[in-house]
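Hi,

Here is the structure I promised to pass on. Have a look at it first, and then read my notes below.

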Amino acid sequence: MRKKLLLSFCAWIFALIAGLAQTTTVTGKVTDDKGKPIEGAAVVEKKSKGGTATDANGVFKLTVKPGAILVISGTGFEKREVAATEAGNVSLKTADENLSEVVVTALGIKREKKALGYAVSSVGKKDLELRPDGDLGRVLSGKAPGVNIGATSGLSGSGTNIVIRGVNTINGSSQPLFVVDGVPFDGGTNTQASFVYGNQTSSRFLDLDPNNIESVDVLKGLSATTMYGELGRNGVILVTTKNGATSKARKKTEITVSQSMFTNTVANLPEYNESYGGGFDLSLGLAFFSNWGAKFTNPAATVPHPYDRNAEMRAAFPEFVGKTYDYKYYNSVPKFFKTGTVSNTSVNVAGTSGAVNYNANFGYLDDQGFVQGNGLTKNTFGFGGSAKLTNKVTVSGTFNYVSTDQKSPPTSTSFGSSATATSVFGDVMYTPTAVDLMGLPWENPLTHGHVYYRNGNDIQNPIWTTYNSFTQDKVNRAYGNLQIRYEVLKGLNLSYRVGFDNYSEFQMYAQNKGGQQYATGIYRTSAGNNNIWDHTALASYKTDINSNWDLNVDAGVNSRENTYSQTGTLSKDQMVYGLLDHTNFITHDIVSENGSDLDYKRKSQSIGAFASATFGYNQYLYLNVGGRNSWTSTLEKANRSIFYPSASVSFVPTSAIPALQNNKYINYLKVRLGYATSAGFPDPYQTRPVLDIATRTFLDRSGLPVNTNAVSNFLPNPDLKPELQTEFEAGIDGKFLKNRLTLDLTLYNRISKDQLLNRDLDPATGYTGIKINAGQVSNKGVEMGLGYTFIQNKAWNWKVDALWTLNRSMVSELPSDLREIVYAGYTTLGNFAINGQPLGVIKGYYWQREAKTGQRIVSPTGDYVSSQEIGIIGDPTPMYKLTGISNLSYKGLSFRMQWEYTCGGDMYSSTTRSLIARGVTKDTEFDRAAPYLLPGVDANGNPNRVQTSATQAFFNNGFGPDESGMFDATLIRLREMSLAYSLPEKLLAKTPFGGVSFTLSGTNLWYNAPNLPKYSHFDPETNGLGVSNGKGLEFITGPSSRRIGASLRITF
Amino acid sequence: MRYSKFFICLALLATTLGACNKKLDSLLDSPNAPSPATADVDLSLNQIQLSFRGFYGTASTLGAELSRQQSWFGPIYANGYSPGTFDGLWGTAYSSIFVNADQMIPVAQSQKKFVQSGIAKVLKAYTLGTLVDEFGDIPYTEAVQGAANTNPKIDKGADVYVKVLALLDDAIADFNKTGAGAAPTNDLFFGGSATNWRKAAKSLKLKFLMNTRLVDASASAKIAALITENDLVTTDAQDFNFKYGSNNSSPDSRHPKYAGNYNVNGQVGEYLSTYFMDLVVKEKTGTVSTLDPRRRYYFYRQNTNYANVNETTLTCAFVANPPHYPSTMPFCLVGGNSGYWGRDHGDNSGTPPDGAFRTTYGVYPAGGEFDASTGGVVKQVMGGRGAGVDPIWNSSFTYFVEAEAALKLGVTAGGTARALLSKALYASINKVVGFPASIGYSLSASQQALVPTTAQIDTYVNFVLAQYDAATTDDARLNIIMKEYYIAAWGNGVETYNSYRRTGKPDNIQLVVTTASPGVFLRSFTYPSVYMNRNLNAPTQKTPGVAANKVFWDNNPDNFIK
């Protein structure tokens, strides 16, 4: 449609130039087939090319020669020619949308969809606005086939993984490129410590405000993204903000105000067993981690009060001295979670003034989490405009400012026996049922230290954690662009665009003294600054070669410079409780808690020259060829340059074959075929050796510092070259049965070879890793969108869409001297790349089984025997994913539901494993007095005869080898549901309001993972690895969130 | 005109791109780290020393667990350790100690920094020999070659031992070189004394030669020659000890056993072995006694009685002795109302809430608290504040090994076995008793009152010597020597694990508690997972608990020890 607008615009310009030889004035009105006036329709005299455009009432006035023929066209309408004398009242027919739909492709170039030889999924603002989540990534979940979106946890502001068409690179990033208003936008994740320490760090696309987005186009395949070069290899999320969409003319100044309020609660908690309490072997063991203790009685048995346990506690809590404590069910965990509120305010102003279109907006999000201490606030301001300076020069630009502040208690990994470092959930989920978590004091009134039920006080009280320990991420970000477009001559446009994206990110990790982990307190701050300068010069040429052929050429150069630098300090040993300031800490360091450097700089630059040409034949056959050459600063000169070509064909049989025109059943059909290549460059500084240095590694007895230097364990590789990717894709787009049935089907096969691998070396080589080019990952997949409109009449409309995604990956060609690559998780429990296996299979320790029968082997102590080697224990990739979206509307009322189904996929769930091994859920609420005999065989293959207790059977084997934590993660979920009502325009006619709508909506309203232990209610859609290529591993990362609320939107 | 404009643009672009190449070159070097050419010998030596203490610490803990000084969870030998347990040991040895030593030694030689190169050789030799002691055959000749050989093949343990002894000889030669360059900036063992380093190197030769006595007939003569040379570690000041500081964070420079057990008030992290505590405080007299002068230095009791024992804190106190335990075998409690709180060998039951009750490391060698029978939970700042030592080779060890040589090989260059045993006992006890003062921990008056007198020390030595005299067979005599060595080697699980495999002593060692059939004792460790998973030339993984997997110097029968 935009193309037509452009055409009419040009026509209008020419009309002005040629408007000298007039003799008569024609006045007319242009309306649609329902009689509504059409604004902005072009009215051009055929011969002289003189013309004008209609006003808001559809009225035009044009001076023409007598007997002139007028060509009248409007966006979305079929062109019509009428004699000037008959132009008093012209009605235009609505154009066939199938043929005129325009989408945004790479570099912001708009193309008719029918001309594209590849798949583009578009998500409009309707599906993005007024959502309960302020994270664009999560809002996109399920809305585009082939796009996989995963959450780290339900904590507000936690990281979101986006992977398009599968992970193509083993060690590189698989996150797509964000392009906002034509300029690359850093969506990276600046993690300060590994996932082990609680990596919920959000990606920086969190800084986008979904309410300020006009549209999102997802470019999935390489054919679509070649022009972006290596940055676009993982797909491109093309975001057009309302500020960046100012080329659209507006009727009048329009102000939109919306306000949403949601509740944020934990989606589902385990169902706890109410019969047994803490302990082992049915003892009254209140002070245990585990819940294998005595059966509850009525009246409750009593035990000495857990806070009456030593002199220190008695001094702090004299009220409990000599008191007893009821050993009974306290329903602690559900009470630990609160209801957070999410408030989202958005104001948008759009308007036109002469030759200037502008848009301004403001957004405020206050998202409070479901645990104390977790929240996200975000302020966004933005302004965009475009102005036509002369007839040939257009200037446009946007400027946005965001301030994001995310805070959360730490969530380090936990294997079900306290966490590696502080974790708010690490010990909460399996709290023994007789522990009154919310009723017991959590702070020592004398010291401010944490107190809890264990006599060693060795579980950090989670309530204390929420008040004394947190991670925080504050970002101030400014981004925008400026573009000048010059129309050299008809059909040839030159444009230059400079984009910048600069943010400073201030991250904190803090815990007051008095905890279990970091008992003396810890305080880490880091300040990072990321800066992108992106310059693009683009020439676009468009011409009709002859009456059959037309040609579009785009060529340009691009330079992108990315600089990141940060400094940081880690302090330990707090002096005065409560004050978080480095001066209040005794020792200081410049490495984070996992030993990684807090002080570093990184700068890289890439340059590209690209060209693309599309030949169109009679509006039904299109051939596109293109290519880009990129140069990077991260590789040595010999390997720095790479060229990647692309080609695609699109054919529209419904336009080409007369028999298919005006066909009853087939309304529109397009087949497409694409081939493209791309590359991946490594991160900087991996080709040249360095010396590892460290100061103050040790203080000797006399207090002298010991400094060190060491051979770096990571071997550099000067011969590194880019990763190479090639992709074929083929697809069909079609509309059938009077446009009721829509189909959008894509098949793809992407091969990534010369993978840039972090090869782990046997330390016996003297080194632990080296970067190499080797191995191949292929991803084959199917993306299908199928929609059917069941009901379509004046009042009712019901449409159901099904989005189906299937991806199969395979690793091959790893060199023969390399067994495997572990690229995510732990080295003995992680995601592996192994020849002949899907990428990401999980290896870990497994149960030893008898070769013949597959029965597990039981040791003489009555427990299953673990393997000595790690082996494949699961494949986290699901069989397929299916989203079903139903849209039902009746006049102004609409009801939307989005269901998602994930079939299969294995998962290591530390949460589930711990719940079962510790005996806290209803799953283990059985008669525990009976002896247990684990089914299996002894070392000689005879049936196991060693008796054991329920405690031992579940505890020892529930916490057995990693295989004991593997579950099938099949999942069905009601992702979104909303009910919206828009007041009829008639009602509003006499009010200042242009539109009023009211929406009730919710996300994650229900889910069920049928193959997990019934009462664990675990949500497999959590990722313990944070934003990474890893998947299917969870280390008590936190439950997911459910949000329900209402929104009101008023337009003036 | 239309086209000329276009070409002008293209020409401009081409020029710009050319200029860019230069800029891209300037971004190749990391601004975050210096170039390898700036490496400094002394700073490399520091890296090697600190990595070495890490290696030793891990090896010692594993050995102490298997030889029942510390608790071993077990519960059976097939399942006691996963191969991943040994990754750190392997990685520290090769990719931290060897790679840096190999880089640094030639540079040090060229700069005439012979003390530095000698130290690097000693530490490399100890590490290499210990790898053989723990794993058997290991990569050596093809190892530490980086990208040139990513799958180094394995060498026979015996062949590697030859290299170990040669490295020690090289080191001794370095220490003897005159006109050596400046002393190391930091020597965390001997403060830069080349003489002491030479004695340490020779003592390590003794240690490794002793290991080979069962399989190498020539060992006896070599040992005799070494002893005759009379240049071994024989005094407290010559002890080859890594000396820790007391800084508790940034950097934590405390003894790891202190840092792990005194870091949080009332939360001891590890269990000591019930057997070991029983051996020191009860075994000799049959009741809990004060006979061994070292017990207040070795162990610190948070509770000096068993008042906190109940069914949830120490379940084993409420069950009968395992049927497969002989009646004299220590089980669960040490006895009386003594408060010694540990764990039995192979007890893998869940951890009860007993962090404030467990007995933990005392002042020797971890730099903890002196046990003045007062009780009280551990605190972060206590006793020697962590300024302990790693007793890698003490003078008492020299005497014990000489005693073993006298008894088993007839090498009496250092004296009779009995005389050497006596020397060893005095060396051990005197070191321990003098230890608090040596680390700047001044005992309080009430603690001072409990420091053993010379008479008490004599009583102990005489008690052991009387036992020795009463013994009727060499095996019984060896048992006494090795048992005392075992006690004296507290803090050194490397030696206890070695001598247990070599001699099978002490002979009344505690059996695995969970089952009468725990499988074959681990005569070596399984190969680390980093080796098995990343090296295609790695041999087939051992089957722990089933096959004996003995190292080359261990020709004792498969069921020799349990």
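In this predicted model, A:Phe362 has A:Phe381 in β22(A) as its bridge partner. That Phe-Phe match sits in the pairing of strand β21 (residues 356-368) with strand β22 (residues 375-388), both of chain A, which run antiparallel over 13 bridges. The two strands make a hairpin with six residues between them. If you click through the turn, stop at A:Gly373, where phi is positive at about 90°.

β22(A) also has a partner in strand β23 (residues 393-408) of chain A: these pair in the antiparallel sense too, over 14 bridges. Pick out A:Gly384 to see an example, as its bridge partner in β23(A) is A:Thr398. β22(A) and β23(A) likewise form a hairpin, with four residues between them.

Now for the holes. Searching the whole structure turned up 17 cavities of 30 Å³ or more. I only went through two of them.

The largest one has a volume of about 870 Å³. It is lined by 46 residues, and the ones closest to its centre are A:Asn148, A:Ile149, A:Gly150, A:Pro878 and A:Lys881. Several strands of chain A supply at least two lining residues each, among them β12 (160-164), β41 (796-812), β46 (880-890) and β47 (893-903). Which strand gives the most to this lining? That is β11(A), with five residues. As for chemistry, the lining splits into 19 nonpolar, 20 polar and seven charged residues.

The second largest cavity comes in at about 320 Å³. Of its 29 lining residues, A:Asp133, A:Arg138, A:Ala151, A:Arg975 and A:Ser1041 are the closest to its centre. By class, the lining holds seven nonpolar, 12 polar and 10 charged residues. On the secondary-structure side, α3 (136-139), β11, β50, β51 (995-1008) and β53 (1041-1051) of chain A each give at least two residues to this lining.

One thing to look at when you have both cavities on screen: β11 (147-151) and β50 (971-982) of chain A each supply at least two residues to the lining of the largest cavity, and each of these strands also supplies at least two to the lining of the second largest.

Shout if anything in here is unclear.

Cheers

Definitions and conventions. Residues numbered from 1 in each chain as written. Chains lettered and ligands numbered in written order. Predicted model: local features only at pLDDT ≥ 70, side-chain atom pairs only at ≥ 80, totals over all residues. Heavy atoms only, no water. 1 Å grid on protein atoms, 1.4 Å probe; cavity = no way out; pocket = protein on both sides within 12 Å on 5 of 7 lines; lining within 4 Å. Points joined across faces, edges and corners; volume = space filled by probe spheres on them. Nonpolar A, V, L, I, M, F, W, Y, C, P; charged D, E, K, R; others polar. Pairing = 2+ DSSP bridges.
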